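This briefing sets out selected features of one protein model for use at the bench. Please read it alongside the sequence and the structure shown below.

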Amino acid sequence: MLYNVIRVLITPFLYMYMLVNKEKKEFFYKRIKQNLDILKKEKYIWVHCSSVGEVNLSEALVKKILSERKERILLTVMTDTGMGTAKEKYKNNERVDILYFPLDDKNVIKNILERIEMKILILIETEIWPNLITECHKNGKVIVVNGRISDRSFGRYEKLSFYLRGVFKDVDGFYMQSKLDSERIIKIGADENRVETLGNLKFDIDLERFDEKTKEELKKFLGVHGRKVFTAGSTRTGENEIILQVFKKLTNTILILVPRHIERVPVIEELIKKEGLTYKKYNKIDSDNFEKTDIILVDKIGVLRKLYSIADIAFVGGTLVDIGGHSLLEPLFYGKTPIFGPYLQNVKDISKEVLNKNIGYKVENVDEFLEAVNQIERNSDMYKKNIEVFFEENNRTADKILEKIDKLLELED
């Protein structure tokens, strides 16, 4: 295969490079010369992830496999950060073995496969490694899960479609995130009969649900009294001041302020007092003797999701200051359109999808925040419908993937 000829030709240059670069030498050594003795001669499902993001999004699927199937898991990762994350997640699970990905080295891959009974290889997102795919196909099934083809990647892959078509013959299923991803993988060489759109694992969440009675009881407990509910969740230092300025310009609204760290409550109390607003701390609420107040300052852990469920206005913190953002999916799960700031490095992919689907609002200042509130109120039915479609597209993604795995392995057996 041309691919392996090229690998052989560049290998001497890599070795010369490693002689002068200790960091790269360590990188290659960890992956090519790693100890494989942790592997057992048992049935395995091999899950390959690139880095931290893929390790995180595959967690729900890995846990489902562990709970519903008997095979061990071999988890391979490319990066050091991915390795650290994987070890931390599965440190207490003796059925999960973790290795560095051996850089598509054919000999190391063969060595791994000789040591285990591999049933299926699961490539998270679109990790196209020809030797890995070819060798694993000789031993079991191969599938791509949560597959995606970015705009940038699509152009490169199209130029290689003459080659990829042959590699893709060894892939038994392409389970893509969206219809566009499915169309693109077919264009670059996948058999359309093996391609399905199953949704995105990142958005496949199932949180605690609250019935209408529970929500009405919560509103009564908080003293909402017919006002709109503005839930500001996971707020960080520097954001509370902005939130208070926004709140002061709203009418007939109660603010539920939920700081990320409750030890900041005394500082936030002082900010509220300086603005001349009234407040009550969550843990001090006495529903039998509760005077109407402007703000509920939450000094209790574990109640944010319930508070999002009753929100008319939902803000996600860590985004108006350079923290990187907290969960945008939590308010969305409860049908609420999240408002968030420009600092989104921790939720980069999700925030991009939220904005593309028109189910969230990014703001940078008080005026933009107020405009977002007005837009959401005016177009509430549209946002609600868009959110419903979003979750329908990604509902039960992990379950659907597991069903595909079960079916493929039943056919093999």
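Two strands are taken to pair if DSSP finds at least two bridges between them. In this predicted model, strand β8 and strand β12 (residues 313-316) meet that criterion, being parallel and joined by four bridges. Within this pair, A232 stands opposite F315 in β12.

**Strand β8 and its surroundings**

- Strand β8 comprises residues 228-235, and seven of its eight residues are buried, which leaves the strand mostly covered.
- Strand β9 (residues 253-259) also pairs with β8, in the parallel sense and over seven bridges.
- In that pairing, T231 has I256 of β9 opposite it.
- The connection from β8 to β9 passes through helix α12 (residues 240-248), forming a β-α-β crossover that is right-handed.

**The annotated N-terminal domain**

- According to the UniProt record, an unreviewed entry, residues 32-205 are covered by the annotation "domain: 3-deoxy-D-manno-octulosonic-acid transferase N-terminal".
- Helix accounts for 42% of the span 32-205 and strand for 23%.
- The C-alpha atoms at the two ends of residues 32-205 are 36 Å apart.

**The seven-stranded sheet**

- An open sheet is built from seven strands with parallel pairing, and their order is β3-β2-β1-β4-β5-β6-β7.
- The edge positions are held by β3 (96-100) and β7 (195-197); each has a single partner strand, so one side of each lacks a neighbour in the sheet.
- From one strand to the next, the twist averages 20°.
- Strand β1 (residues 43-49) runs parallel to strand β4 (residues 117-124), and six bridges join the two.
- H48 is placed opposite L123 in β4.

**Helices packed on the sheet**

- Helix α4 (residues 59-68) packs on the sheet and touches β1, β2 (72-77), β3, β4 and β5 (141-147).
- The direction of α4 makes about 160° with that of β2.
- Helix α6 (residues 106-115) likewise packs on the sheet, where it touches β1, β2, β3 and β4.
- The direction of α6 makes about 150° with that of β1.

**The α8-α9 helix pair**

- The axes of helix α8 (residues 151-159) and helix α9 (residues 161-168) come within 5 Å and cross at roughly 90°.
- Angles of 65 to 115 degrees count as roughly perpendicular, and α8 and α9 are therefore roughly perpendicular to each other.
- Y157, E158 and K159 of α8 make the contact with S161, F162 and L164 of α9.

Methods:
Residues numbered from 1 in each chain as written. Predicted model: local features only at pLDDT ≥ 70, side-chain atom pairs only at ≥ 80, totals over all residues. Heavy atoms only, no water. UniProt positions renumbered as here; feature names shortened; annotations may be inferred. Buried < 20%, exposed > 50% of the residue type's maximum accessible area, 1.4 Å probe, protein only. Right-handed = clockwise from strand over helix to strand, strands pointing away. Axes fitted to C-alpha atoms, helices over the stretch in contact; angles between N-to-C directions. Parallel < 35°, antiparallel > 145°, perpendicular 65-115°, else oblique. Contact = heavy atoms within 4.5 Å.
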